[in-house]
Amino acid sequence: MISSNPMRMGSGSETGKPHMVFSQLRGGVMAYVTIRDVARRAGISVSTVSRALNGNGRISAETKHAVEKAMEELHYIPDSRARAMRSSSTKTVGLLVPDIRNGYFADLAYAIQDTLSKAGYCTFIGTSSENVRQQDVFITNMLSQHIDGAIIVPQGEMSEALQRLLRRQLPVVFVDRRADELDMVPLVDSDPFPGMESALRDIQEQGHSKVGYVSGPILDSPTLRERELAFRDCGTRLFGEENVFVESTSFDQSSCVSVIRRMLSSGVTSMVFGYSPDTVRAIAMMNGVGGVLESGMSFISFDDIELFRLTTPQVSVISQQVQRLGCLGAETFLDMVQGGHPRSRRVETIYIQRGSVESVR
């Protein structure tokens, strides 16, 4: 015979800890504890429990204590969907990043989620896999939910799903990357010029006279195009146009070695990677950072991911200050939720010198 009382695990007598309540059994099926269960345990009506939870009406201290005690005993969690039906705010935010496996985007997502959590918001995280179609699938799924808005690392174009999202007039913030034709959306990103200038000056001071650049998939990313522009501008001023070499597309593992060989044959002794996954591929194909250096090539990468701090020697980086970037993105969103009209903001990149840049003297 199944009891109508909540199920408990263990006697609790051996450890002295309270019994753990999982749920109730109804018709042989595990079910969530409901407000009715709380009312039954407290010995009061459902409407009274509802008023106590929502702070509506006059509730005695004794009744409030009984409700709180029943909730604690049953491990009751108020239904956010029910609250959403009574309020225009759900305290939920959709967050879309290109690839959560990428250390940089993992750090970015953490910084955003942490800031939103401190403000009482729950974050739903999705990945686009650097694909517009998957981006739009996630956005469409978000629109089917009752969310307060979204923070997105876009794929660089005005897609159909992005247009639908903006027509909802929900707070939307772009982080890390801009989207073409969407200047009306607040953007929090990094300025590549300060870090690039400092990195190339270090390369010059170490005695390198020719420098190469691998920019990543710039056709899909206005942000990567701006990084290449920063390299061309700073590199031409410091080294002369004839001494800068650019690979404008991302390369896979099969072509990684040939790219470095082409740079070496042109007299290049140092490289800057504008897209950290390319750096990781280069390190893997060249048998670690030491292998790249043994080939006669010093190098610097964008994004200060954990892997670059674990190699021997460590990788010099142009950091986007991802923690600050994520916090500002979340704060910009919260400002919009409060009715503000925040402007786009930029975080200066900074150069962090490490062992992957060696002197040629």
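How much accessible surface does the protein have, and what percentage of it belongs to carbon and sulfur atoms? I looked this up before anything else: the accessible surface comes to about 18,600 Å², and 50% of it belongs to carbon and sulfur atoms. A reminder to myself is that this is a predicted model.

**Entry 1: the whole chain**

I counted elements next and found 14 helices and 16 strands in the protein. Of the 361 residues, 46% are buried. I also checked how far apart in sequence the contacting residues sit. Taking contacts between residues at least 6 apart, I find that 67% join residues at least 24 apart.

**Entry 2: a six-stranded sheet**

I traced an open sheet of six strands, and I noted its order as β11-β10-β12-β13-β14-β16, with mixed pairing. Its edges are β11 (244-247) and β16 (350-352), each of which pairs on one side only. Neighbouring strands in this sheet are turned by 20° against each other on average, direction ignored.

I then picked one pair to follow up. Strand β10 (residues 211-214) runs parallel to strand β12 (residues 270-273), and four bridges link them. For Y213, I noted V272 as the bridge partner in β12.

**Entry 3: two helices on the sheet**

Which strands does helix α8 lie across? I found α8 (residues 192-205) across β10, β12, β13, β14 and β16, and it runs at about 35° to β16. Helix α9 lies across β10, β11 and β13, running at about 165° to β11.

**Entry 4: F231**

I stayed with α9 (residues 222-239), since F231 is in that helix. Is F231 buried or exposed? The relative accessible area of F231 is 0%, so I logged this residue as buried. Leaving out residues up to four places away in sequence, I listed what F231 touches: M196, L200, V211, G212, Y213, T236, V244, F245 and V246. Y213, the residue I had matched with V272 in β12, is one of the residues that F231 touches. I also took the C-alpha separation from F231 to V246, which is 9.0 Å for two residues 15 apart along the chain.

**Entry 5: D189**

My next stop was D189, in strand β9 (residues 187-191). Why does D189 count as buried? Its relative accessible area is 2%, and the cut-off for buried is under 20%, so D189 qualifies. Which side chain makes a polar contact with that of D189? I found R346, at 3.0 Å. Beyond residues up to four places away in sequence, D189 touches D176, R178, L325, R345, R346 and V347.

**Entry 6: backbone oddities**

I looked through the loops for unusual backbone angles. S129 is not a glycine, yet it has a positive phi of about 55°. I placed S129 in the loop between β6 (122-127) and α6 (132-143). With 41% relative accessibility, S129 counts as partly exposed.

D303 also has a positive phi, near 80°, and is a residue other than glycine. The loop that holds D303 runs between β13 (298-302) and α13. Its relative accessibility is 5%, so I logged D303 as buried.

Where is there a cis peptide bond? I found one from T312 to P313, with omega near -10°. P313 lies in the loop between α13 (306-310) and β14 (316-319).

Technical notes: Residues numbered from 1 in each chain as written. Predicted model: local features only at pLDDT ≥ 70, side-chain atom pairs only at ≥ 80, totals over all residues. Heavy atoms only, no water. Buried < 20%, exposed > 50% of the residue type's maximum accessible area, 1.4 Å probe, protein only. Polar contact = N/O pair within 3.5 Å; in protein donor to acceptor, adjacent residues only side chain to side chain. Contact = heavy atoms within 4.5 Å. Pairing = 2+ DSSP bridges. Axes fitted to C-alpha atoms, helices over the stretch in contact; angles between N-to-C directions. Areas by Shrake-Rupley, 256 points an atom, 1.4 Å probe, with all protein chains shown as cover.
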